[in-house]
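Please look over the sequence and the model below before reading on, and keep both in view while you follow the report.

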Amino acid sequence: MEEWLRSDGRHRDSGDGGETIHPRHIRIHARVFGRVQGVGFRYSAVRVAKRVQVTGWVRNERDGSVTVEAQGSDQAIGAMKRWLGEGPSWAHVDNIEIERIRPRKERDFVVR
């Protein structure tokens, strides 16, 4: 395993209170539209994010959409993007807007 990973596959603490940012990690900002509120989307997103080992956050928006920021390896972000296109079983995703943004230091994937 590479030096920047702990034995459990998570980022090693940089000692400054945050996590290090691996130079190959990417971060996306996504808006998911459709029937995505009231269907367990946020909490399902947390479970998926932990499973594929991405960090970031998810929140409901006033317009009925869900916003997600996710950060991890190219492969992990690809898996997260595929899941965002479907969501949990009761959701119906109509559209997703995704942009790549600058990575940040963080430890977990949380509901905001």
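The report goes from the chain as a whole to its sheet, its helices and one residue in a loop.

**The chain as a whole**

The model shown here is a predicted one. Its chain has a secondary structure of 2 helices and 5 strands, and these elements follow one another along the sequence in the pattern β-α-β-β-α-β-β. Of the 112 residues in the chain, 41% are buried, while the accessible surface comes to about 6,700 Å², with 45% of that area belonging to carbon and sulfur atoms. When contacts with a separation of 6 or more are considered, 72% of them join residues that lie 24 or more positions apart.

**The sheet**

In what order do the 5 strands stand in the sheet? The sheet is open, its pairing is mixed, and the order across it is β4-β1-β3-β2-β5. Because β4 and β5 stand at the edges with a single partner strand each, one side of each is left without a neighbour in the sheet. From one strand to the next, the twist averages 15°.

The elements whose residue ranges matter for this picture are set out here.

| Element | Residues |
|---|---|
| β1 | 26–35 |
| α1 | 41–52 |
| β2 | 55–60 |
| β3 | 66–72 |
| α2 | 74–84 |
| β4 | 92–101 |
| β5 | 109–111 |

In general, the strands of a sheet pair through backbone hydrogen bonds, and they do so either parallel or antiparallel. Here β1 and β4 run antiparallel and are joined by 9 bridges, and Phe33 stands opposite Asn95 in β4.

**The helices**

Helix α1 lies across β1, β2, β3, β4 and β5, and the angle at which α1 runs to β5 is about 170°. In helix α2, the buried residues are Ala76, Ile77, Gly78, Met80, Trp83 and Leu84. The cover over these buried residues of α2 includes β1, α1, β3, β4 and β5. An α-helix has 3.6 residues a turn, so residues three or four places apart point the same way.

**A residue in a loop**

Is Trp90, which is found in the loop between α2 and β4, buried or exposed? Trp90 has a relative accessible area of 64%, and because a residue counts as exposed when this value is over 50%, Trp90 is exposed. Leaving aside neighbours within four places in sequence, Trp90 is in contact with Arg35 and Val39. Although Trp90 and Val39 are 51 residues apart along the chain, their C-alpha atoms are separated by 5.5 Å.

Conventions:
Residues are numbered from 1 along each chain as its sequence is written. This is a predicted model: local features need pLDDT of at least 70, side-chain atom pairs count only at pLDDT 80 or more; totals for chains, interfaces and linings use all residues. Side-chain values use heavy atoms; hydrogens and water are left out. Two strands pair if DSSP finds at least two bridges between them. Helices (H or I, at least four residues) and strands (E, at least two) are DSSP runs, numbered from the N terminus. Axes are lines fitted to C-alpha atoms, for helices over the stretch in contact, and angles run from 0 to 180 degrees between N-to-C directions. Contact means heavy atoms within 4.5 Å. Buried means under 20% relative accessible area, exposed over 50%, partly exposed in between (1.4 Å probe, protein chains only). Accessible areas come from the Shrake-Rupley method with a 1.4 Å probe; for residues, only the protein chains shown count as cover.
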